[in-house]
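Colleague: I would like to learn how to read a model like this one, feature by feature. Could we go through it together?

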Amino acid sequence: MTILRITLAAIGFFSAILLSPWVTGVAMLALAFLWRAWEVLFLGLCIDLLWSPVGHIPIFTIGAILIVWVLEPIRKEFLV
């Protein structure tokens with residue numbers, strides 16, 4: 001399972017730089033649903049720093065915080 005986590009994080013960081021931000025969003029969802037993933041916050045911050053114009057609301061960082069916060073009880077109930 002550790003290899004899957006590293007692979008999803010690598011896909012997320014790779015797609016944050018070269019692909020559409022929505023590919024990173026899918027990787028963020030998968031990571032947050034399967035593990036207690038601190039990588040999700042870094043992915044959201046990376047997307048906002050690379051793709052958001054200066055002065056706009058950091059949508060992906062706020063979304064990452066919400067994803068981690070909302071999916072934590074669901075992950076605990078179904079995957080533990």
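Colleague: Let's start with polar contacts. How far does the backbone oxygen of G44 lie from a polar atom of the side chain of T61?

Modeller: In this predicted model, the two are 3.4 Å apart. The T61 side chain also reaches the backbone nitrogen of L45, at 3.5 Å. A pair of N or O atoms has to be within 3.5 Å to be listed as a polar contact.

Colleague: Where is T61 placed, and is T61 buried or exposed?

Modeller: T61 belongs to helix 4. Its relative accessibility is 17%, so T61 counts as buried, the cut-off being under 20%. Leaving out residues up to four places away in sequence, T61 touches G44, L45 and D48. G44 and D48 are themselves among the buried residues of helix 3.

Colleague: Now helices. How do I read which side of a helix faces inward?

Modeller: The general idea is that an α-helix has 3.6 residues a turn, so residues three or four places apart point the same way. Take helix 1, residues 2-18, where L8, A9, G12, S15 and A16 are buried. They cover an arc of only 135 degrees around the axis, which puts them on the same side of helix 1. T2, I3, I6, I17 and L18 are exposed on the other side.

Colleague: Which helices do the buried residues of helix 1 pack against?

Modeller: They pack against helix 2 (21-34) and helix 3 (39-51).

Colleague: And which residues are buried in helix 2?

Modeller: Those are P21, T24, G25, A27, M28, L31 and A32. Their arc around the axis is only 165 degrees, which places them on the same side of helix 2. The face turned away from that buried side carries W22 and V26, both exposed.

Colleague: How do I check the length of a helix?

Modeller: Compare its end-to-end distance with the span expected at 1.5 Å a residue. Helix 2, with 14 residues, should span 20 Å, and its end C-alpha atoms are 20 Å apart, which agrees. The 13 residues of helix 3 should span 18 Å, and the end C-alpha atoms of helix 3 are indeed 18 Å apart. Helix 1 has 17 residues and reaches 24 Å, close to the 24 Å expected.

Colleague: Which members of the largest nonpolar core touch the most other members?

Modeller: M28, L31, A32, V40 and I67 do, out of 16 residues in that core. Helix 1, helix 2, helix 3 and helix 4 (59-79) each supply at least two residues of this core.

Colleague: What do M28 and L31 touch, beyond their neighbours in sequence?

Modeller: Not counting residues up to four places away in sequence, M28 touches V40, L43, G44, F60, A64 and I67. L31, in helix 2, has a relative accessible area of 0% and is therefore buried. With its neighbours within four places set aside, L31 is in contact with R5, L8, A9, A37, E39, V40 and L43. L31 and L4 are 27 residues apart in sequence, and their C-alpha atoms are 9.3 Å apart in space.

Colleague: Finally, what is the average pLDDT of the protein?

Modeller: The average is 88, and 98% of the residues score at least 70. The general caution is that where pLDDT is low, the predicted coordinates should not be read in detail. Among the elements of this protein, helix 1 has the highest mean pLDDT, 92, and helix 4 the lowest, 85.

Methods: Residues numbered from 1 in each chain as written. Predicted model: local features only at pLDDT ≥ 70, side-chain atom pairs only at ≥ 80, totals over all residues. Heavy atoms only, no water. Helix = DSSP H or I, 4+ residues; strand = E, 2+ residues; numbered from the N terminus. Expected span 1.5 Å × (residues − 1). Buried < 20%, exposed > 50% of the residue type's maximum accessible area, 1.4 Å probe, protein only. Arc of directions from axis to C-beta. Contact = heavy atoms within 4.5 Å. Core = buried A, V, L, I, M, F, W, Y, C linked by side-chain atoms within 4.5 Å. pLDDT = per-residue confidence, 0-100. Polar contact = N/O pair within 3.5 Å; in protein donor to acceptor, adjacent residues only side chain to side chain.
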